[in-house]
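Colleague: I should be grateful for a close look at a single part of this model, namely one place where a helix of one chain meets a helix of the other. Please set that part in the context of its surroundings.

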Amino acid sequence: MSGNPESVNPKSVSSEPVNPKSVNPEVVRSQTPAPPAAGPGIRDAGPRGAATGTVGPGTVRPRAAARTARRLDREDASAMRSPWLRPLSVVGLAILALFLFLAVAAPLVAPYDPIAQDSMKLLPPSAEHWFGTDQIGRDVFSRVIYGARLSLPVALLLVAVACAVGTLLGAIAGYFGGWAEGLIMRSADLVFAFPGIILAMAVVAALGPDLVNAVLAVVIVSWPAYSRVVRGMILSMREENYVHASRLLGASSLRTLWVDVRPGVVGPIVVLAALDVGNAVLTLSGLSFLGLGARPPVAEWGSMVASGAQYFDKWWLGVFPGLAILLVVLAANFLGDTVRDVLDPRSARRGRA
Amino acid sequence: MTFLAPVARRWYALPGLLRFTLRRLAAGLLLVLGITLVSFVLTQLVPGDPVTANLGERAAADPAVVEAWRRQNGLDLPLPQQYLNYLGNLLQGDLGTSQQSHRPVTQDLGQFMSATFELALAAIAVALVLGVGLGVMAAMRRDRLADQIIRVVSLTGVSVPTFWLSLVAMYVFYAQLGISPGSGRLNPGTTPPPDVTGLYTVDAVLSGQWTVLGEAAAHLWLPALVLAIFTIGSLTRFTRASVLEVVGNDYVRAGRAKGLAPSYVTFGYILRPALVSVITVAGLAFGNLLGGAVLVEAVFSWPGLGAYAYRGALTLDLPAIMGVSLVVAVVYVVVNFVVDLLYAVVDPRIRLG
C-alpha cells in the first residue's frame with residue numbers, strides 16, 4: 001500500500017485489459033457463478049440421456065459418466081461456495097468474535113481488576129493467575145482481556161477515520177483537479193516518503209506521547225493510500241459516458257460524485273480498509289511499545305509487551321499480550337482477504353495470495 | 001514560451017533512460033525538500049514553549065530576557081525565514097543537540113547508521129531469497145497443499161508484531177537454547193574490526209579476522225531473521241500474485257504449445273517478467289525494514305539508528321527522533337530512486353511513461 005510518488009507501480013504496468021481467452025478457464029468457473037441453464041443439471045443430462053439406450057450400450061459408459069458428473073458437481077459446489085465459508089475466513093471470524101465478546105464482557109470474564117495491584121509481584125502462570133502477574137502485582141490475564149476493550153474499538157475507529165478522510169481528499173483531488181489536487185497528492189507523496197512507523201513516531205513525539213496523539217499519527221500515516229486509490233478511480237470514471245450524461249442533465253458536482261461515482265469506488269475502498277485494520281493494530285501497538293501510545297496504568301497490549309521486555313526472564317509478561325495482538329491482526333488479515341475476494345474478483349483472480 | 005522550444009527539442013533528443021533518470025532525480029530532490037519541511041513543521045508543533053524549556057522558570061518570567069533569547073535564536077523571525085535558517089543548518093550538517101547524549105545529533109547518526117545498514121541489508125537479502133522462493137513455489141502449486149500452507153505462513157508473517165517476535169526469539173534462542181549470543185553486535189570486550197565499510201561482517205573479512213567474522217555473524221543472524229519476517233510475508237504474497245498474472249498470458253501457452261521444455265517455460269517465460277516487478281516492491285520493503293529496525297533494535301540492543309530512536313522516544317529527545325526520521329526518509333527516497341532506475345533498465349516500457 002505504500003509507495004513513493006511517481007515510482008513505477010507494478011500493478012499498473014502489467015494490468016493490461018484482461019484478455020478473455022487468456023483467462024484460465026478453471027479460474028473463470030470459480031469466479032462466475034454458472035448460469036442456471038448450464039448448471040450441473042444440464043451437464044449430466046447428456047450422458048444419462050445417452051445411457052437410456054438411444055445409442056449403442058458399448059459407446060457410453062453410464063457409470064463413468066455419472067462419476068465424472070458427480071466430480072464436476074462437487075468442484076462447482078466448492079467453487080461457488082461463498083468465500084466467507086472458507087476455512088481461513090471461518091477461523092478469522094471466530095477469533096474476531098471471541099475478542100469482540102471479551103471486549104464487551106470484560107468485567108464479567110476477567111477474574112481480577114486490570115489495574116488493581118492486589119497480588120504478589122511477578123508470579124508465574126498458575127491456576128489462580130492463568131497468565132501470571134506483572135511487575136506491580138496485576139493479573140496479566142485480566143489485563144489482556146481488558147486490552148481488547150482498548151485495541152479493537154480504537155483500531156476500527158482509526159481505520160474508519162483514515163478511510164473517510166482519505167476518500168474525501170482523494171475525491172476532491174480526482175474530481176476537481178487544479179491546485180487542490182496538487183496540494184493533496186503532493187502531501188500524500190510526502191507521507192509515503194517515510195516508512196509508516198517512523199513518521200508516526202516523529203508525529204507523536206512532537207505532539208506529546210498520548211493515546212489520542214498516537215491515533216492521530218496513525219491516521220496521518222494511513223490516509224494517503226485511500227486518496228491515491230480514489231483519485232485514480234475517479235480520474236478514469238470522470239470520462240465515462242454515464243458521468244457525462246449525468247452532468248449534461250444538470251446534476252451538480254456533489255450529486256454526480258454521490259450518485260454516479262460513489263458506487264464504483266466503494267468496493268475497492270472497503271477492501272483497502274479491511275486489509276488496513278491489521279496494520280492499524282500493529283502500528284498502534286508498536287507506538288505503545290515505544291512508550292508513545294497509551295499511558296500507564298491503562299491495559300494496552302503493546303505497552304504490556306514493553307514491560308515484558310524490561311523483565312526479560314519473566315516471559316509471561318510479554319508473550320500473552322503479544323499473542324493477543326498476533327491473533328487479532330491475523331484474524332483481521334484473514335477477513336481482509338475474504339472481503340477482497342468477495343468485492344474485488346479481479347484481484348482475487350490475479351491470486352488469492 | 002517559444003524560447004523553450006529548442007530546450008524541449010534537446011530534452012527529447014536525450015536517450016530515454018537518461019531522461020527518465022533526470023526526471024526522477026528532480027522529483028527525488030523535491031521530495032527530500034518536502035521531507036525537511038515535514039520535519040520542520042513537526043518541530044514547530046511541540047507543545048510547551050521552547051523558551052520556558054530552555055531558560056527555566058525564573059528567566060522566562062523576565063520579558064526582556066525572553067525577548068533577547070528569542071532574537072538570539074531567530075524565533076522572532078517569520079516562519080518561512082525560520083524554515084530557511086533550519087534548512088541552512090541542515091545543509092551544514094547541524095541537526096541540533098541530542099538531549100540524551102549531549103552530542104550533536106549528526107555525530108550520533110554517523111556512529112549508529114552503519115549498524116542499522118548491516119542489519120537491514122542482511123534482512124532484505126534473507127527476505128528476497130525466502131519471499132521470492134516461497135511466492136514462486138506457491139504460484140506453481142496453486143491451490144494445492146503447498147500453496148495453502150504458504151498462504152497461512154505468509155499471512156502470519158505480515159501479522160506478527162515485530163517487537164513481540166524479537167522478544168520471543170531472544171527468549172527462546174538466547175535464554176533457553178543458548179544458540180544466539182544475545183544482544184549487541186559483538187561479544188563484550190571484542191574490538192571491532194578496522195572500520196572500512198562499517199559493516200562488521202564485511203570489515204572482518206577485509207581484515208582477515210575470522211573469529212570476529214564468526215562472532216559478528218552469530219550476533220547478526222537472529223535480529224536479521226526477525227526483522228525479515230514481515231517482509232518475507234509481503235514479498236511472498238506479492239510474488240505469488242505477480243507470477244499468477246503472467247501464467248495466464250497467451251505467450252506462455254504458445255511456449256508450451258510449441259513443445260518447449262517445462263523448465264524453460266517456467267524460468268524464461270514466466271519468472272523473468274514476473275520477477276521484474278518484484279524489484280519495485282523490494283525497494284518499498286526496504287523502507288519497512290528501516291521502520292521495523294526501530295522495534296527490533298530496541299529489543300536486541302543493536303546499537304543502530306533504531307535503538308537510538310527508541311531511546312529518543314522514551315526520553316522524548318526530539319532532535320534525535322527528527323534526525324533519525326530525516327535520515328531514514330532520505331535513505332528511503334534514494335533507495336526507491338535506485339530501484340526505479342533498475343526497473344527502467346530491466347523493463348524498457350517504463351522509460352516511456
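Modeller: In helix 13 of chain A, the residues Val305(A), Gly308(A) and Ala309(A) meet Phe163(B), Trp164(B) and Leu167(B) of helix 9 of chain B. By class, the residues of this contact comprise five nonpolar, one polar and no charged. The model is a predicted one, and every value quoted here is to be read accordingly.

The geometry of the pair is as follows. The axes of helix 13 of chain A and helix 9 of chain B lie 10 Å apart, and the two helices pack at an angle of about 25°. Angles under 35 degrees count as roughly parallel, and helix 13 of chain A and helix 9 of chain B are therefore roughly parallel to each other. Their crossing is left-handed.

On the chain A side, helix 13 spans residues 301–310 and is mostly covered, with seven of its 10 residues buried. The buried residues are Trp301(A), Gly302(A), Ser303(A), Met304(A), Val305(A), Ala306(A) and Gly308(A). Val305(A) and Gly308(A) thus appear among the buried residues of helix 13 of chain A and also in its contact with helix 9 of chain B. The cover over these buried residues includes helix 7 (140–176), helix 12 (253–289) and helix 14 of chain A, together with helix 9 of chain B.

Of these covering elements, helix 14 of chain A runs over residues 315–343. Its 29 residues reach 42 Å from the first C-alpha to the last, close to the 42 Å expected at 1.5 Å a residue. Because 24 of the 29 residues of helix 14 of chain A are buried, this helix is largely enclosed by the rest of the structure. For chain A as a whole, 44% of the 353 residues count as buried. The secondary structure of chain A consists of 15 helices and zero strands. Among the contacts in chain A with a separation of 6 or more, 68% join residues 24 or more positions apart.

The wider meeting of the chains brings 62 residues of chain B into contact with 57 residues of chain A. On the chain B side, helix 9 (162–176) is one of the helices that supply at least two residues each, and others include helix 2 (16–45), helix 11 (210–247), helix 13 (262–300) and helix 15. This side of chain B holds 41 nonpolar, 14 polar and seven charged residues.

Helix 15 of chain B, another contributor to that side, also packs within its own chain. Its axis and that of helix 7 (residues 105–140) of chain B come within 10 Å and cross at roughly 55°; helix 7 and helix 15 of chain B are therefore oblique to each other. The crossing of helix 7 of chain B and helix 15 of chain B is right-handed. Val105(B), Asp108(B), Leu109(B) and Met113(B) of helix 7 make this contact with Pro319(B), Ala320(B), Gly323(B) and Val327(B) of helix 15. The residues of the contact divide into six nonpolar, one polar and one charged.

Helix 15 of chain B also contains Val346(B). With 14 C-beta neighbours inside 10 Å, Val346(B) counts as partly exposed. Apart from neighbours within four places in sequence, Val346(B) is in contact with Val276(B) and Ile279(B).

Notes: Residues numbered from 1 in each chain as written. Chains lettered and ligands numbered in written order. Predicted model: local features only at pLDDT ≥ 70, side-chain atom pairs only at ≥ 80, totals over all residues. Axes fitted to C-alpha atoms, helices over the stretch in contact; angles between N-to-C directions. Helix = DSSP H or I, 4+ residues; strand = E, 2+ residues; numbered from the N terminus. Parallel < 35°, antiparallel > 145°, perpendicular 65-115°, else oblique. Left-handed = near helix turned anticlockwise from the far one by under 90°. Contact = placed C-beta atoms within 7 Å. Nonpolar A, V, L, I, M, F, W, Y, C, P; charged D, E, K, R; others polar. Buried ≥ 20, exposed ≤ 12 C-beta atoms within 10 Å, placed from the backbone. Expected span 1.5 Å × (residues − 1).
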